[in-house]
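Okay, thanks for coming, everyone. I'll put the structure up and then talk through a few parts of it.

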Amino acid sequence: MKVSRMSFKSYVDLDESDQKLNSSADESFCEQLTPKILPGEMLIAEAQSVLLFTPTTSQKTGKSGVLTVTNFRLSFVTSEEKPAEELCYQENLLLGEYDICLSNVDTLYLLSGDKKRRLLPGQRVPERVKVLFVLCKNMKVLTFSFKFSPVGHGKTLTNALLHHAFPRRHQLLFAYDYREPYFKYNQKVISFRDPEEWRKEMERTGCKGWRLTYQNQRFQLSSSLPEFFVVGKEVTDSQINIAAQHFRCNRPPLWCWSTKSGAALVRMADIVSTVPDRKQENAMLESVRKSHPRKTPPSVIDLAKDLPLPKDLSLSYFRLRELCVPDSSRQFWVQDNHFFTLLENCKWLLYVSTCLIKSAEAADLLHKDVSVVLQETDGRDMCCVISSLTVLLLDPYFRTLNGFQSLIQKEWVIMGHPFCTRLRHIYTNEEENQQSPIFLLFLDCVWQLLQQFPTQFQFSETYLTTLWDATHISLFDTFLFDCERDRIFAVKDPNNPLILRNVWDWGEMYPDKDIELFYNPFYNRPENFELSAPLDVQPNVSDMQLWSQCYFRFVPLLELIGGGKPMIDLAARAALSIENGSFDIVAFSKHIGSFYPFTHWRTNTKVPPLLINSSLNLSNIDTLLDTQSVITVTDF
Amino acid sequence: MDHRTLEPNHYTSSDSDSKSSSLNSKLGPESVSSGKASYSMTKSPCSSSSTSNDNIANAATFDHKFRNKNSTLDGNGTVRPDDPPLLPGEKVQGVAREVTYLCPYSGPTRGVLSVTNYKIHFRSMDRDTPYVIEVPLGVVSRVEKVGGQSLSRGENSYGIELFCKDMRNLRFGHKQENHSRRNVFEKLQQYAFPLSHKLPLFAFECTESFPENGWLVYEPIAEFKRMGVPNEMWKISKINEHYEFCDSYPAILAVPAQATDDELRQVGAFRSRGRIPVLSWIHPESQATISRSSQPLVGVGGKRCREDERYIQLIMDGNAQSHKLFIMDARPSANAIANKAKGGGYESEDTYQNAEVIFLDIHNIHVMRESLRKLKELCFPTIDESKWLSGLESTYWLKHIKCILAGAGRITDKVENHKTSVLVHCSDGWDRTAQLTALAMLLLDPYYRTIKGFEVLIEKEWLSFGHKFQQRIGHGDDHHSDADRSPVFLQFIDCVWQITKMFAHAFEFNELFLITILDHLYSCRFGTFLFNSERERIQEGCVKQRTTSLWSMINSHLEFYKNPFYHHVPHSLDPVPTMRYMKLWKSLYCRWNPSMRPQEPIYVRNRELLAMKEQLENKVEDKKRDTKMRTSRTTTTTPTRLTSPMHV
């Protein structure tokens with residue numbers, strides 16, 4: 001690996017030995033470094049001579065450069081040259097290698113010695129900021145030291161970050177400021193904003209007993225529903241109007257998808273708790289029955305029963321993050337000792353498994369020609385997860401890239417999954433915080449399916465990980481709003497109308513070579529979508545795996561050099577691509593790690609050998625050892 | 001969710017005529033599995049997961065095919081319609097009708113149970129889709145009668161239970177009144193434990209033959225030659241030609257060139273069971289080596305042996321790149337110290353100049369046996385999903401695997417990155433030492449990651465260096481609680497599997513290859529894993545003359561065992577030994593559970609891609625040849641040491 005003059009490796013504790021510091025660090029800060037600025041982006045604060053540490057190296061290795069805060073990003077720019085082999089890593093056209101969008105910032109900490117203090121918006125930043133630790137929503141961690149920065153730079157920067165990374169109004173998000181002209185060109189993803197698109201989807205699935213209603217035009221009926229949605233043919237518009245009021249968020253049963261034989265997948269909210277009887281609910285369920293060609297009564301699946309509440313899921317995610325973002329290599333190996341138990345305790349895989357169990361149950365019913373009604377409190381969280389997973393199991397169209405994106409558009413974006421709240425784009429007080437990675441839970445479930453059916457999906461795990469990252473970029477509107485109404489209002493705001501840019505135009509953010517990696521080289525497109533069998537998923541906890549690309553990619557310790565899935569993937573890509581017939585996997589294997597195309601931290605991070613072995617702790621086996629091996633046995 | 005109602009290793013006899021693309025062949029009555037299957041079967045194998053049961057298609061499936069072919073070729077005239085398919089040399093010893101097999105997954109089923117001198121064979125009669133269960137008797141570790149006369153309650157409580165070495169138990173119910181149990185039980189006792197009944201192991205009765213001869217796979221001189229030995233620093237010694245110097249070592253040894261036979265004898269006297277440090281592997285560029293031995297006989301008094309010290313110095317001097325030697329003691333330091341009380345111990349850094357002793361903290365055979373017992377409890381017959389991960393952790397199985405991998409990784413690191421030689425030992429140097437040297441060599445040398453190279457690795461580091469397979473597995477004897485039994489070799493294969501999961505493209509062989517090796521580790525159908533040492537195999541067993549090698553079968557059907565992702569990776573592998581990456585090998589340990597189907601249609605897909613690639617490559621080759629024809633002739637490059645030495 002090329003050694004560049006801007007990286008450093010310190011064998012002394014930067015925190016304690018002011019005198020012993022690497023003197024070359026000072027000299028190297030001579031150049032002026034500025035981040036790339038987008039139209040409408042404004043520089044807010046800058047700190048010179050900042051060190052960015054490599055994660056889990058106990059602040060011993062890293063890079064130096066300039067740190068800036070803009071209204072879009074936290075940017076770190078280093079003059080260090082990138083080694084040539086890293087050019088094949090994922091490149092973001094909007095964000096630099098070490099940049100993060102402000103919307104990705106989850107928590108800020110000030111480190112001083114062993115002390116770690118959380119900084120909350122509105123708090124005073126101390127005069128002297130030594131080390132700033134940024135924890136991101138996608139588990140990325142960034143540790144900056146202002147040790148060599150001019151006095152005051154650390155404080156100014158931290159202040160600016162604290163102020164701008166946690167906006168209290170939606171209009172402060174960068175999407176409103178971005179001035180780049182926009183030309184929509186990805187027409188293949190169906191937005192479901194147009195009634196015609198709904199009709200086409202109904203036609204595609206061959207659904208019969210259902211019709212499109214315009215009752216929610218101008219969002220008169222429900223603020224969280226789209227202007228057009230599909231209801232049973234038997235129900236009149238006035239019936240819908242009355243019934244809707246009996247459901248939470250005014251969300252009556254909504255059609256999602258139909259089997260060829262006519263069984264339908266339907267989602268709805270709970271009945272409002274003040275309503276004394278379930279008359280309206282029953283009437284609506286009756287309409288679902290009547291929409292079935294053989295008038296079979298539907299099966300109602302109560303999603304509130306076994307699935308986690310958003311709060312539970314949020315807690316689970318924080319615990320998972322603790323396992324994936326260790327503070328130090330020491331903590332990493334301590335956790336490693338009990339990793340399985342810790343993983344079990346965080347319940348993440350249990351929740352993933354439960355979602356798949358529910359979806360498999362729904363898919364099985366639909367396959368047996370029974371309509372399924374998914375019911376959940378507001379019908380905006382787990383309904384999205386289970387309805388999308390269920391159709392993914394049944395309909396191969398949704399396993400194509402555009403089909404999948406259209407599915408997210410239909411079941412999540414248009415149907416009003418509260419992305420803004422769940423992803424916490426707007427800062428709320430801790431008590432009101434309803435952040436919850438429901439979308440990630442869904443992506444994880446899809447990833448599990450991809451592991452079990454590697455030839456059934458057109459997209460790759462790199463795509464899924466990138467999609468998760470994209471939810472934290474405040475430039476595209478797709479994941480920015482709680483519902484369609486908010487979006488339309490923002491567009492129509494006379495003072496500062498928002499230009500909609502959807503995330504599905506991946507070319508806005510990634511070069512072609514990276515978009516290429518969104519496609520699964522093993523995909524085996526079915527010749528006939530309609531004859532395809534449902535995916536017979538194995539949904540138990542013991543069948544679940546941890547999504548290491550997404551969760552471990554920021555831990556350099558865990559990268560297998562020349563190993564993991566990317567090598568197989570690349571070989572298959574090479575086999576597929578005629579131009580690259582002479583693809584040299586051997587040359588690649590030295591430069592590509594198991595987190596390809598993500599990690600860039602490929603400095604020498606060899607595991608300290610002593611730590612590996614001290615991690616074996618066999619408390620209750622030790623007794624066995626004493627009695628059996630030492631006394632009676634020859635080989636021990 | 002419903003469990004699938006078929007047994008993974010049950011197959012209908014109708015598949016015996018299917019052709020060699022066995023990964024795609026149906027293993028059983030798939031259509032009964034669930035309602036969904038009805039049209040899932042209509043498609044190409046790669047487009048649906050429902051073919052995945054065939055991946056459990058362990059050796060048994062293939063065996064089955066060969067066997068049928070063989071038995072017809074054999075022209076065994078006395079085959080009755082009821083008889084199970086037999087291998088050449090296999091004979092039915094007992095048959096019981098109206099026996100009930102109590103399947104833990106799909107419930108009881110009635111049929112015919114046959115016992116041969118090789119296997120137990122059960123064929124159900126009362127199901128629409130008849131299925132077969134077949135277990136080589138070598139796999140059986142214990143046979144018990146269940147349900148005494150007074151106790152017999154319920155229909156199937158009276159019968160026989162088999163406890164197997166491969167993570168399963170089988171239970172059969174017999175009708176008390178027709179006295180079928182006694183005969184079956186007696187035959188089972190005799191043929192599952194032939195050595196306890198003065199009968200030969202099946203490998204000596206089996207007369208099957210294969211186009212390839214696996215006994216020729218490993219030839220020690222050729223293998224040393226591949227590594228460039230003898231050279232200036234290392235020589236081939238014939239001191240153990242007649243196994244008189246050390247009866248658990250191979251006949252051919254590589255030792256430092258300057259060591260005289262006299263010195264070797266003196267070193268031998270100072271090493272447990274005379275297992276002196278000898279060469280296992282040498283780095284082609286740096287000349288850093290891996291040597292192996294047993295512990296030095298230091299004892300409580302801290303005895304010294306000048307010759308041993310000088311000898312270790314010679315090993316160190318064999319590598320000009322470094323003036324240091326690492327002695328990797330596989331044991332936990334407490335065990336190493338405790339061994340001093342019995343006259344053993346480890347090298348003192350004071351007396352062995354420039355040597356550094358590192359303890360790798362791997363536990364002994366008893367700890368490992370206990371760990372596997374717990375794992376079986378967890379995996380068989382069903383899994384408790386609510387406590388799966390913590391349950392897995394409490395078996396310590398994966399922690400042990402991780403620890404062995406970490407040890408092998410450290411050896412690799414010293415040899416590859418620090419160009420320093422390493423001496424590996426534990427107590428006797430035939431269990432943990434074999435695990436470590438073999439794994440380190442696998443990580444360092446791409447040759448051992450090929451199918452034939454891996455066979456050589458097992459022949460060399462395990463078989464020739466006296467891993468006591470007979471004792472550790474307990475072939476054919478009925479002492480099921482023998483304290484010498486231990487899954488040491490299984491752990492090694494598990495470690496290899498873990499590495500193949502991390503570097504899936506670096507190995508020529510696939511998972512089936514590893515599972516086949518393990519199946520025949522127990523089966524006693526081949527001579528490969530019989531006896532405790534090379535001496536016993538040659539002088540007592542004459543295995544090469546009287547039995548067939550497992551490699552004969554494997555090498556005759558290489559296409560089954562090839563990894564479609566394989567790309568030759570010339571450099572060493574660097575696995576990350578963390579629990580975060582340790583996986584339970586469910587397609588081995590949980591394969592009897594029908595809900596545990598592994599899903600690898602990706603294999604099939606990649607085969608297709610490879611076929612496409614091959615076509616393209618052929619086109620490219622054609623073009624190249626064209627251009628070559630036009631220009632001058634060029635010489636072909638000669639492959640160096642990475643090719644197999646066997647067919648030179």
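Let me start with a question: is Cys426(B) buried or exposed? Keep that in mind for a second. This is a predicted model, by the way. The reason I pick that cysteine is that the UniProt record, in an unreviewed entry, lists Cys426(B) under "active site".

So, the answer: Cys426(B) is buried, because its relative accessible area is 0%, and the cut-off for buried is under 20%. In the fold of chain B, Cys426(B) sits in a loop, with strand S14 (421–425) on one side and helix H11 (432–444) on the other. And who's around it? Leaving out residues up to four places away in sequence, Cys426(B) touches Ser293(B), Ser294(B) and Gln295(B), then Asp329(B), Ala330(B) and Arg331(B), and finally Asp431(B), Arg432(B) and Thr433(B).

Okay, staying in chain B, let's look at a sheet. It's an open one with 7 strands, in the order S4-S3-S2-S1-S7-S6-S5, and the pairing is antiparallel. Which strands stand at the edges? Those are S4 (132–136) and S5 (140–146) of chain B; each has a single partner strand, so one side of each is left without a neighbour in the sheet. On average, neighbouring strands here are turned by 30° against each other, if you ignore direction.

Zooming in on one edge, strand S3 (residues 119–124) of chain B pairs with S4(B) over 5 bridges, in the antiparallel sense. There you'll find Phe122(B) opposite Ile133(B) in S4(B). Then there's a helix packing on this sheet: H3 of chain B, residues 180–192, which touches S1 (92–103), S2 (107–116), S3, S5 and S6 (159–164) of that chain. The direction of H3(B) makes about 160° with that of S5(B).

Over to chain A, and a quick geometry check on helix H10, residues 348–367. At 1.5 Å a residue, its 20 residues should span 28 Å, and the end C-alpha atoms are 28 Å apart, so the two agree. H10(A) is mostly covered, too, with 15 of its 20 residues buried. After H10(A) comes Asp369(A), which has a positive phi, near 75°.

Last thing, confidence. Chain A has a mean pLDDT of 86, and 85% of its residues reach 70 or more. Where does pLDDT stay under 50 in chain A? One stretch is residues 16–30, where the model has 17 contacts beyond four places in sequence. Another is residues 603–636, with 86 such contacts. Where pLDDT is low, the predicted coordinates shouldn't be read in detail.

Methods
Residues numbered from 1 in each chain as written. Chains lettered and ligands numbered in written order. Predicted model: local features only at pLDDT ≥ 70, side-chain atom pairs only at ≥ 80, totals over all residues. Heavy atoms only, no water. pLDDT = per-residue confidence, 0-100. Contact = heavy atoms within 4.5 Å. UniProt positions renumbered as here; feature names shortened; annotations may be inferred. Helix = DSSP H or I, 4+ residues; strand = E, 2+ residues; numbered from the N terminus. Buried < 20%, exposed > 50% of the residue type's maximum accessible area, 1.4 Å probe, protein only. Expected span 1.5 Å × (residues − 1). Pairing = 2+ DSSP bridges. Axes fitted to C-alpha atoms, helices over the stretch in contact; angles between N-to-C directions.
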